[in-house]
Amino acid sequence: MDFNKPRYTPMNRRRRIYEGKAKVLFEGPEPGTLIQHFKDDATAFNAKKHEVIDGKGVLNNRISEFVFQHLNDIGVPTHFIRRLNMREQLIREVEIIPLEVVVRNVAAGSLAKRLGLEEGTQLPRSIIEFYYKNDKLDDPMVSEEHITAFGWATPQEIDDIMALAIRVNDFLSGLFLGVGIRLVDFKIECGRLWEGDMMRIVVADEISPDSCRLWDMKSAEKLDKDRFRKDLGGLIEAYTEVARRLGILAETDGVPMGGPRLVQ
Ligand SMILES: Nc1ncnc2c1ncn2[C@@H]1O[C@H](COP(=O)(O)OP(=O)(O)OP(=O)(O)O)[C@@H](O)[C@H]1O
Ligand SMILES: [Mg+2]
């Protein structure tokens with residue numbers, strides 16, 4: 001089955017607001033809402049590496065729904081309203097703060113390289129990093145000084161973002177620990193949600209194996225986008241395994257040719 005062909009909603013009749021590397025944003029049914037559509041495209045190294053991986057968008061939509069719904073339920077504000085279909089979710093439109101907020105528990109990726117740490121080294125405590133969202137510049141790392149000097153966020157907003165990031169880290173660490181997965185690190189994006197005159201910072205975008213490093217606790221096998229970055233293969237199988245452990249896919253579901261089956 002071609003998952004790129006819309007089966008539920010006629011995509012061509014909706015206004016397309018933005019097309020990114022992994023998702024498309026459409027105008028939502030009500031003012032202040034958007035539809036977030038998950039594509040199968042996988043990119044890495046600022047899109048220098050690109051592939052279409054059949055079924056990835058379906059899995060990310062469902063895993064991200066699971067995480068965001070639980071965050072809403074424990075009082076961590078997010079943009080998520082509800083999932084609409086296999087590939088799409090209804091979200092609140094926010095003013096994205098142009099930062100990638102990375103939380104790290106274990107050394108991996110660029111941190112391991114930059115500081116000469118062995119991958120897998122437990123960090124002395126969770127570390128929050130900020131990267132300026134700018135593809136032309138390869139998303140450079142920035143400090144709070146840069147963020148406030150250039151007006152990307154105020155000191156109060158940075159405090160709110162860090163508090164959110166820590167709550168998300170605690171929730172995700174426990175969630176994955178319970179299913180035998182080590183949360184190495186992850187990235188979130190935050191945005192300003194306006195409700196009348198009031199503004200609050202909420203978690204936006206997605207939280208999925210595309211934006212987390214997830215290692216199997218026993219085997220240390222990678223269950224995230226590093227499978228694509230490092231040409232390890234088996235990306236869909238890994239994402240399916242994450243979904244299965246979270247209880248999103250039925251125990252009996254394998255990876256059938258037509259893509260993963262979803263439990264409603
Ligand atoms: N609630 C929201 N309101 C407005 N924009 C959002 C919201 N959630 C996510 N976005 C934005 O939607 C886009 C999602 O598309 P995608 O993840 O494919 O982008 P991308 O290729 O990674 O590019 P970018 O560098 O802009 O993130 C991102 O630009 C993200 O910042
Ligand atoms: Mg993105």
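The following paragraphs describe the fold of this predicted model, its two sheet regions, one helix near the end of the chain, and the surroundings of its ligand.

The model is a prediction, in which local features need pLDDT of at least 70 and side-chain atom pairs count only at pLDDT 80 or more, while totals for chains, interfaces and linings use all residues. Residues are numbered from 1 along each chain as its sequence is written, and chains are lettered from A and ligands numbered from 1 in the order in which they are written.

The secondary structure amounts to six helices and 14 strands; helices (H or I, at least four residues) and strands (E, at least two) are DSSP runs numbered from the N terminus. Of the 264 residues, 36% count as buried, where a buried residue has 20 or more other C-beta atoms within 10 Å of its own, an exposed one has 12 or fewer, and a partly exposed one falls in between, with C-beta atoms placed from the backbone. Among contacts between residues at least 6 apart in sequence, 54% join residues at least 24 apart; a contact requires C-beta atoms, placed from the backbone, to lie within 7 Å.

One open sheet is a convenient place to begin. Its five strands follow the order β1-β2-β3-β7-β6, with antiparallel pairing; strands pair if DSSP finds at least two bridges between them. At the edges stand β1 (16-19) and β6 (80-83), each with a single partner strand, so one side of each is left without a neighbour in the sheet. From one strand to the next the twist averages 25°. Within this sheet, β3 (residues 33-38) and β7 are joined by five bridges in the antiparallel sense, and I35 sits opposite L90 of β7. Helix α1 lies across β3, β6 and β7, and runs at about 135° to β6; here axes are lines fitted to C-alpha atoms, for helices over the stretch in contact, and angles run from 0 to 180 degrees between N-to-C directions.

The loop between β4 (41-44) and β5 (49-52) holds F45, and A47 lies in the loop between β4 and β5 as well. Neither is a glycine, yet phi is positive in F45, near 50°, and in A47, at about 70°. F45 is exposed, with 9 other C-beta atoms within 10 Å. A47 is exposed too, with 11 other C-beta atoms within 10 Å.

Strand β12 (181-195) has several antiparallel partners, which can be taken in turn. With β8 (residues 95-96) it shares two bridges, and I96 faces G191 of β12. With β9 (residues 99-106), β12 pairs over four bridges; V101 stands opposite I188 there. Seven bridges link β12 to β13 (residues 198-204), including the one in which R192 is matched with I201. β12 and β13 form a hairpin with two residues between them, and G196 in the turn has a positive phi of about 65°. Finally, β12 and β14 are connected by five antiparallel bridges, with D185 opposite R213 of β14.

Helix α6 (residues 235-245) has L235, A238, Y239, T240, E241, V242 and A243 as its buried residues. Their cover includes α1 (56-73), β14 (212-216) and α5 (226-229). L235 belongs to α6 and counts as buried, with 23 C-beta neighbours inside 10 Å. Leaving aside neighbours within four places in sequence, L235 is in contact with I53, K56, R227 and F228. L235 and D224 are 11 residues apart along the chain, and their C-alpha atoms are separated by 7.2 Å. Just after α6, G247 adopts a positive phi of about 85°.

The surroundings of ligand 1 bring several of these elements together. Of the 19 residues around ligand 1, G20, K21, K23, H79 and A204 come nearest; a residue is near a molecule if its C-beta atom, placed from the backbone, lies within 6 Å of it. The elements giving two or more residues to this shell are β2 (23-27), β7 (88-92) and β12 (181-195). By class, the shell has eight nonpolar, three polar and eight charged residues, with Ala, Val, Leu, Ile, Met, Phe, Trp, Tyr, Cys and Pro counted as nonpolar, Asp, Glu, Lys and Arg as charged, and the others, Gly among them, as polar. Domain 1 (11-94 + 234-245) and domain 2 (96-216) both contribute residues to the shell, so ligand 1 lies between them; these domain bounds come from an automatic or database domain assignment.

Notes. Two residues are in contact if their C-beta atoms, placed from the backbone, lie within 7 Å.
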